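This briefing introduces a structure to a reader who has not met it before. Please look over the sequence and the model first, and then go through the topics below.

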Amino acid sequence: MDQVRLSGPRLTLREYAHTPQEVAALHAVLGDPHTVRHLAFEPYGFEDCADQIELYLEEAEREPRTVYRLAVRRRADGEDAPAIGTAALTLDGDRAAQLGFALRRDTWGLGYAGEITGLLCRLGFARLGLHRLAARTDPGNLACARVLTRAGFHREGRIRHDLCRAGRWLDSDQYSLLEHEWRPDPGDPARPGGGENPTPDPAAHRIPR
């Protein structure tokens, strides 16, 4: 298994473990109707979240690994603290991937969105050697668009009727970042003189399916 653990100034992205605590933490995110309103699915039940973590672990064991589903933890909370969100990077095409994440609602507005985006970029470009990262967002999720733009992503356009949720077709806005455009985020310790620069958090970048 290709173990992943990435740390920024305030957050760590790490592999999931199939424990009741992890399931409860994921349910606090993906079971919240307000949080998932920008995502491609209806709120998950507790058992759905248990099944999801089992799937995440199976995906992590595949060779070659093409999906990275990672728990988001605040470093200040300690190693045993529950995750506050979930992040994903899914390989898609030739040296390309889709990224996304969702955060627990009580952690919005603290600038975590930009840090997670930066850590996923570090995983994609610095560790996996990718050429292109893409992210799809709900057109109404303006905070998400700001986070992506500040991270250097370019809006490519609107994908009409990109997904169907509860019988309704929904559009997506697509953003992309190429390897030569990538710079560490302001809060990333890899950037000289980097420091925290909190921005309003979106509910979620759309998690790749």
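Two residues are in contact if they have heavy atoms within 4.5 Å of each other. Counting the contacts in the protein chain between residues at least 6 apart in sequence, 68% join residues at least 24 apart. The model is a predicted one, and its chain of 209 residues has 54% of them buried.

**Overall make-up**

- The protein chain contains five helices and nine strands, and read from the N terminus these elements follow the order β-β-α-α-α-β-β-β-α-β-α-β-β-β.
- The area that the protein chain exposes comes to about 9500 Å², and carbon and sulfur atoms supply 50% of that area.

**Strands E3, E4 and E5**

- Strand E3 (67-74) runs antiparallel to strand E4, and six bridges join the two; within this pairing, Tyr-68 stands opposite Leu-89 in E4.
- Strand E4 (85-91) and strand E5 (96-103) also pair in the antiparallel sense, here over seven bridges, and Leu-89 stands opposite Leu-99 in E5.
- E4, which takes part in the pairing with E3 and in the pairing with E5, is mostly covered, since six of its seven residues are buried.
- The hairpin formed by E4 and E5 has four residues between its strands, and Gly-93 there takes a positive phi near 100°.

**Nonpolar cores**

- In soluble globular proteins, nonpolar side chains tend to be buried together.
- The largest nonpolar core of this model has 34 residues, and those with the most contacts inside it are Leu-13, Val-72, Leu-89, Ile-116, Leu-133 and Phe-153.
- At least two residues of this core come from each of strand E2 (11-15), E3, E4, E5, helix H4 (112-127), strand E6 (132-137), helix H5 (142-150) and strand E8 (168-178), while H4 gives the most, with eight residues.
- Another core, of 17 residues, lies apart from the largest one, and its members include Ala-25, Tyr-44, Ala-50 and Ala-102.
- Setting aside neighbours within four places in sequence, Leu-133 is in contact with ten residues that can be listed in full: Leu-89, Ala-97, Leu-99, Leu-120, Cys-121, Phe-125, Phe-153, Tyr-175, Ser-176 and Leu-177.
- In helix H5, the residues Ala-143, Cys-144, Ala-145, Val-147 and Leu-148 are buried; an α-helix has 3.6 residues a turn, so residues three or four places apart point the same way.
- After H5 comes Gly-152, whose phi is positive and near 100°.

**Aromatic pairs**

- A search of the whole structure finds three aromatic pairs, and two of them are described here.
- The rings of Phe-41 and Tyr-44 have centres 4.6 Å apart and planes at 15°, and the pair counts as stacked because planes under 30 degrees apart are classed in that way.
- Both partners fall under the 20% limit for a buried residue, for Phe-41 is buried with a relative accessible area of 16% and Tyr-44 is buried with a relative accessible area of 19%.
- The rings of Phe-125 and Trp-182 have centres 5.8 Å apart and planes at 35°, so this pair is tilted.
- That second pair links distant parts of the chain, since Phe-125 belongs to helix H4 and Trp-182 to the loop between E8 and strand E9 (204-205), 57 residues apart; Phe-125 and Trp-182 are both buried.

**Backbone features to check**

- Most residues other than glycine have a negative phi, and most peptide bonds are trans.
- Glu-63 and Pro-64 are joined by a cis peptide bond with omega about -5°, and Pro-64 has its place in the loop between helix H3 (46-61) and strand E3.
- Arg-95, a residue other than glycine, has a positive phi near 50°, and Arg-95 is found in the loop between E4 and E5.
- Is Arg-95 buried, partly exposed or exposed? Its relative accessibility is 40%, so Arg-95 counts as partly exposed.
- His-161, which is likewise a residue other than glycine, has a positive phi near 50°, and His-161 is found in strand E7 (residues 154-165).

Conventions:
Residues numbered from 1 in each chain as written. Predicted model: local features only at pLDDT ≥ 70, side-chain atom pairs only at ≥ 80, totals over all residues. Heavy atoms only, no water. Buried < 20%, exposed > 50% of the residue type's maximum accessible area, 1.4 Å probe, protein only. Core = buried A, V, L, I, M, F, W, Y, C linked by side-chain atoms within 4.5 Å. Areas by Shrake-Rupley, 256 points an atom, 1.4 Å probe, with all protein chains shown as cover. Phe/Tyr/Trp six-rings, centres within 6.5 Å; stacked < 30°, edge-to-face > 60°. Pairing = 2+ DSSP bridges.
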